[in-house]
Every structure is written in structure tokens, then in C-alpha cells.
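I sat down with this one over a coffee and kept notes as I went. Here they are, in the order I looked things up.

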Amino acid sequence: MSRLSLFGLFLASALVSLVFAAAKTTADKEITLENVQYAVHQRGASPTWNSIKLNEKSTKVPTAEAGDLISIKFTVKDKGTGMRFSPHQAFVAFVHAETLQEIIFVSEPDADGAHLAEINVRNSGSDFKGLSGVYNVRLIVGDFKVAQGFNWNLLDVKLTVPKFTPAVVKKTQQVIYEKLPEIHHQFREPEARPSQFVSSVFTIICLAPLGLLFILWLTIGINFGNMPLSIWVLPFHVSLGAIFGLYFWFWLDLNMFQTLNYLFFIGIATFLFGNRLLRAMSAQRKTKTE
């Protein structure tokens, strides 16, 4: 390893150590929450605030319906200096007591530095997915400089939210995390074949012309007088017989592409041998006429 690489590795290790050291020394603040209050009121009406002591849960269970606002405000302070502290994370979570469905709302600091979260029950019907019932309201406050944050169940509230009709999501756009059913592959059933009798009759009909040819040959006789004495006679007839043999092989085993591949070469040979044979026959006729 070169000296430059060793120096870079040493520098990276030093920077990582400094970052961890800084994080360890800065994450030592202690915070506290003051003036924790909530109110359930109509929009435009003056809220009646109810105070809650730190790390205690309100014994009251307020109710909220469509059109109501649930307001929660609090102040975050540095426990050591008593100064206001602005955390990076300040949320209000509503957790359904039965289904444990969780909805998170962000609290924003106001002009005085106090955090305020306002939940409009009517407008938040889609967030609650139309699920009414008792919700545990939790206050979540944290920061990277704070050693111990807050996750505090400060009260329960009974919500009656408007009915919510979820939007229809296309099947191709649905995200399903549940286990899908196992796919069992089924091959197509083979087509029904004709009975043995029909197959036998069809075979006999196809072979009937060949049988008729042999019968006529035996009746009339075969004339070999016009067959020229040429070396191309045997190759042509062999090539012709190879074509018929190839058709029979295709019927038994080959597919169309394999058959065409073999037929290409056999066909060229048959064409060349047939051309030579016709030339020999034409030459023989000329010699007879002369």
C-alpha cells in the first residue's frame, strides 16, 4: 500500500472518531416540557385549554366529532438553562386503542416559540381511514442533541370521524405484503384423438393410390424401354425416394422446421439429378430420330 493510501486511511479514521466524539459530547442535553395543554373546540370558537402534568395521563376522555378541532400545545425547554429549545422532531401520534392504527401529525412552533398541533377531524377523515373509536394521543419529542426524548401518552380521545371511501386502486398498482397463494402450473390437456377405426380408414384411403399403382403395373406391365442408359437414373430415383422417406419420417418424428431443413438439401440434389436425367433422355431421342 502506498504512503498516500495510508495517509488517506488515517485521515478518514480520524474524521470518523471526531464525528463520534462530537456526537457523544453534544447528545447530553436534557429537555423538559412545560405548559402542556389540549382543547377540543369548534373552528372559529375560542378554545378552552386543559392542562396536563408532565408524564401524567389525563383522566378525562374528551370526544370529538366531524367539524371539531383538537389542539395540543406545549413548550420545550432546556432543563439546564431554562431556555426555549427547538427540537428537530415534535409529533403528535393518534394510536387506535384496538387496531393500533397510527396516524402522525406534525406540531409547528408558533411566533412565541410554543409548539402547536391542530387536527381537523373532518379534513383528517382520510388519514384516520374512517375508523372511529378511542385513540391514545402520544406526544413524541426528540433531537440528536438530546440524550432522552419523550414518547408520552398524555390522554385518550374518543373520535367519531366521517366515513371514508378509499379510492379504487388498479390491481397492477396494488402493493400487497401478504403471502400470495402458490401458483400451480397446469399444462394444457392434449386434444382428443380420433378412434382407432377412423385412423385405420384414413390410412387405407391414403395408401389406396399406391395400391392402385401396383395393381395397374401388374395388369398393364412396366415399360423400361424409354429409360436411358445414364448414370443419372439411379441418383434421381434415390433422391426421389429420399423425399418420400423424409415425408414418412416427418409423420413419425420430425417437426416442420427439421423437415424443411432436410428437404432443402435433398431437393437441390433431386433437381440437379433430374435435370441431368432429362438431358440424357433428350439426347437419346435425338440420336433415335437421326
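My entries cover the annotated spans, a pocket, a serine and two backbone oddities.

**Before starting.** I reminded myself that this is a predicted model.

**Annotated spans.** I began with the UniProt record, an unreviewed entry, which lists residues 197-219, 231-250 and 262-278 under "transmembrane region". I then checked two of these spans in the model. Residues 197-219 come out as 100% helix and 0% strand, and their end C-alpha atoms lie 31 Å apart. For residues 231-250 I read 90% helix and 0% strand, with 30 Å between the end C-alpha atoms.

**The largest pocket.** Next I asked which helices supply at least two residues each to the lining of the largest pocket. They are helix 2 (196-220) and helix 3 (233-252). Helix 2 gives the largest share of that lining, 8 residues. The volume I noted for the pocket is about 420 Å³. I wrote down the lining in full: F202, T203, C206, L207, L210, L213, F214, W217, H237, F244, F248 and W251. Sorted by character, the lining has 10 nonpolar residues, 2 polar ones and no charged ones.

**S107.** I moved on to a serine in the loop between strand 6 (102-106) and strand 7 (108-109). Is S107 buried or exposed? It counts as buried because its relative accessibility is 4%, and the cut-off for buried is under 20%. I wanted to know what the side chain of S107 has for polar company, and I found the backbone oxygen of A90 at 2.9 Å from a polar atom of that side chain. A90 also turns up in the contact list of S107, together with F74, F91, H115, L116 and A117, leaving out residues up to four places away in sequence.

**Positive phi.** Last, I looked at two residues that are not glycine and still have a positive phi. N35 has a phi of about 55 degrees and is found in strand 1 (residues 31-42). K129 has a phi near 55 degrees, and its place is in the loop between strand 8 (115-120) and strand 9 (133-142). I also checked accessibility for both. N35 is exposed, because its relative accessible area is 55% and exposed means over 50%. K129 is exposed as well, with a relative accessible area of 54%.

**Closing jot.** If I reopen the model, I will return to the lining of the largest pocket, with its 10 nonpolar residues, and to the A90 oxygen beside the S107 side chain, 2.9 Å from a polar atom there.

Technical notes:
Residues numbered from 1 in each chain as written. Predicted model: local features only at pLDDT ≥ 70, side-chain atom pairs only at ≥ 80, totals over all residues. Heavy atoms only, no water. Helix = DSSP H or I, 4+ residues; strand = E, 2+ residues; numbered from the N terminus. Buried < 20%, exposed > 50% of the residue type's maximum accessible area, 1.4 Å probe, protein only. Polar contact = N/O pair within 3.5 Å; in protein donor to acceptor, adjacent residues only side chain to side chain. Contact = heavy atoms within 4.5 Å. UniProt positions renumbered as here; feature names shortened; annotations may be inferred. 1 Å grid on protein atoms, 1.4 Å probe; cavity = no way out; pocket = protein on both sides within 12 Å on 5 of 7 lines; lining within 4 Å. Points joined across faces, edges and corners; volume = space filled by probe spheres on them. Nonpolar A, V, L, I, M, F, W, Y, C, P; charged D, E, K, R; others polar.
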